[in-house]
Amino acid sequence: MTQQQDRHQQRQQKLKEKVDEKIAAATEEKGLVLVITGNGKGKSTSGFGTVARAVGHGFSCGVAQFIKGTWDNGERNLLEQHGVTFHVMATGFTWETQNKEADTEAAQLVWQECKKMLQDPSLDVVLLDELTYMVSFDYIDLDEVINAIEQRPTQQSVVITGRGAHRSLIELADTVSEVRNVKHAFDSGIMARKGIDW
Ligand code: ATP
Ligand code: MG
């Protein structure tokens, strides 16, 4: 073995020991709260990816979508066939409707369903897609959201997506990822694409 190979092996061995230590220390088993936020593309895709992963393991999942596009929804078409329940806000994009009263009412209807999901021990993963905006716009009370999530069944995991996650949601979460926008096709005048963007 050359000196270089030897040094590489020693470094890898040290790395392995550190990782093994961390694995041994991670003994707590409970449902997680994940927040996927930031301005880049990939937040909802990540949330639905998690649901698909859980469904693949035979787990039960529920989804709430707080901002529905005016178009068809690929993930719903697929996941409903696999027993995932969807609660979708009846309005289109919020910035299109611009009617606070109607939007609050629509958000509240979905939120009532969310509260039921967050009390249902048969649900392993609950995705609250675009929830962050409902909290920012004050359509749903932040304390109510925090309480419902804190009181949920121990083994249930919750994924929250949306830009500008409130700092209390970030504090509450176990795992937080921020998707950064490096570039987006839309800025080059390319249309949103079926199967990629929705
Ligand atoms: P996706 O659903 O593709 O994972 P997302 O959930 O991260 O995206 P949202 O803010 O919910 O992003 O926006 C949804 C739509 O807006 C998608 O069609 C997505 O491609 C597009 N989009 C996301 N980020 C950007 C961006 N930085 N610039 C322009 N369009 C974006
Ligand atoms: Mg999204």
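In this short talk I will go through a predicted model of a protein with two ligands, starting from the overall fold and then turning to the strands, the magnesium ion and ligand 1.

Let me begin with the overall picture. The protein contains eight helices and six strands, and if we read the elements from the N terminus on, they run α-β-α-β-α-β-α-α-β-α-α-β-α-β. The C-alpha trace spans about 70 × 45 × 35 Å along its principal axes, and of the 198 residues in the protein, 37% are buried.

Now to the strands, and to strand S1 in particular, which covers residues 33-37 and has five of its five residues buried. If you look at how the side chains alternate, Val 33, Val 35 and Thr 37 point one way from S1, while Leu 34 and Ile 36 point the other way, and all of them are buried. S1 has strand partners that I would like to point out. With strand S5, residues 157-161, S1 pairs in the parallel sense over four bridges, and within that pairing Val 159 is the bridge partner of Leu 34. With strand S6, residues 175-178, S1 also pairs in the parallel sense over four bridges, and here the bridge partner of Leu 34 is Thr 175.

Strand S5 deserves a moment of its own, since five of its five residues are buried. Ser 157, Val 159 and Thr 161 lie on one side of S5 and Val 158 and Ile 160 on the other, and with all of these buried, both faces of the strand are covered. S5 pairs with S4 too, in the parallel sense and over four bridges, and in that pairing Val 126 stands opposite Val 158. Taken together, then, S5 is paired with S1 and with S4.

Let me move from the strands to the metal. Which protein residues act as donors to the magnesium ion, ligand 2? They are Ser 44, through OG, and Glu 130, through OE, and they lie 2.0 to 2.1 Å from the ion. Ser 44 belongs to helix H2, residues 43-56, whereas Glu 130 sits in the loop between strand S4, residues 125-129, and helix H6, residues 131-136, so the two donors tie together parts of the chain that are 86 residues apart in sequence. Are these two donors buried or exposed? Both Ser 44 and Glu 130 are buried.

Glu 130 is worth a second look for its backbone as well. Its phi is near 65°, a positive value in a residue other than glycine, and its relative accessibility is 14%, which, with the cut-off for buried at under 20%, is why Glu 130 counts as buried. A useful comparison is Asp 138, whose phi is near 70° and is likewise positive in a residue other than glycine. Asp 138 is placed in the loop between H6 and helix H7, residues 142-150, and this residue is exposed, with a relative accessible area of 58%. We therefore have two non-glycine residues with positive phi, of which Glu 130 is buried and Asp 138 is exposed.

That brings me to ligand 1. There are 14 residues around it, and the closest are Lys 41, Gly 42, Lys 43, Thr 45 and Asp 197. By class, this shell divides into two nonpolar, seven polar and five charged residues, and helix H2 gives the most to it, with three residues.

Which side chains bring a polar atom to an oxygen of ligand 1? For Lys 41, a polar side-chain atom lies 2.4 Å from an oxygen atom of the ligand, and for Asp 197 the distance between such a pair is also 2.4 Å. His 184 has a polar side-chain atom 3.1 Å from an oxygen atom of ligand 1. On its own, ligand 1 has 580 Å² of accessible area, and the protein covers 81% of that.

To close, I would ask you to keep helix H2 in view as you turn the model, since H2 holds the magnesium donor Ser 44 and also gives the most residues to the shell around ligand 1.

Note on methods. Residues are numbered from 1 along each chain as its sequence is written. Chains are lettered from A and ligands numbered from 1 in the order in which they are written. This is a predicted model: local features need pLDDT of at least 70, side-chain atom pairs count only at pLDDT 80 or more; totals for chains, interfaces and linings use all residues. Side-chain values use heavy atoms; hydrogens and water are left out. Donors are N, O and S atoms within 2.8 Å of the metal (3.2 Å for Na, K and Ca); water is not among the atoms, so sites may look incomplete. Buried means under 20% relative accessible area, exposed over 50%, partly exposed in between (1.4 Å probe, protein chains only). A residue is near a molecule or strand if one of its heavy atoms lies within 4 Å of it. A polar contact is a pair of N or O atoms within 3.5 Å; within protein, one must be able to donate a hydrogen and the other to accept it, and residues adjacent in sequence count only if both atoms are side-chain atoms. Accessible areas come from the Shrake-Rupley method with a 1.4 Å probe; for residues, only the protein chains shown count as cover. Ala, Val, Leu, Ile, Met, Phe, Trp, Tyr, Cys and Pro count as nonpolar, Asp, Glu, Lys and Arg as charged, and the others, Gly among them, as polar. Two strands pair if DSSP finds at least two bridges between them.
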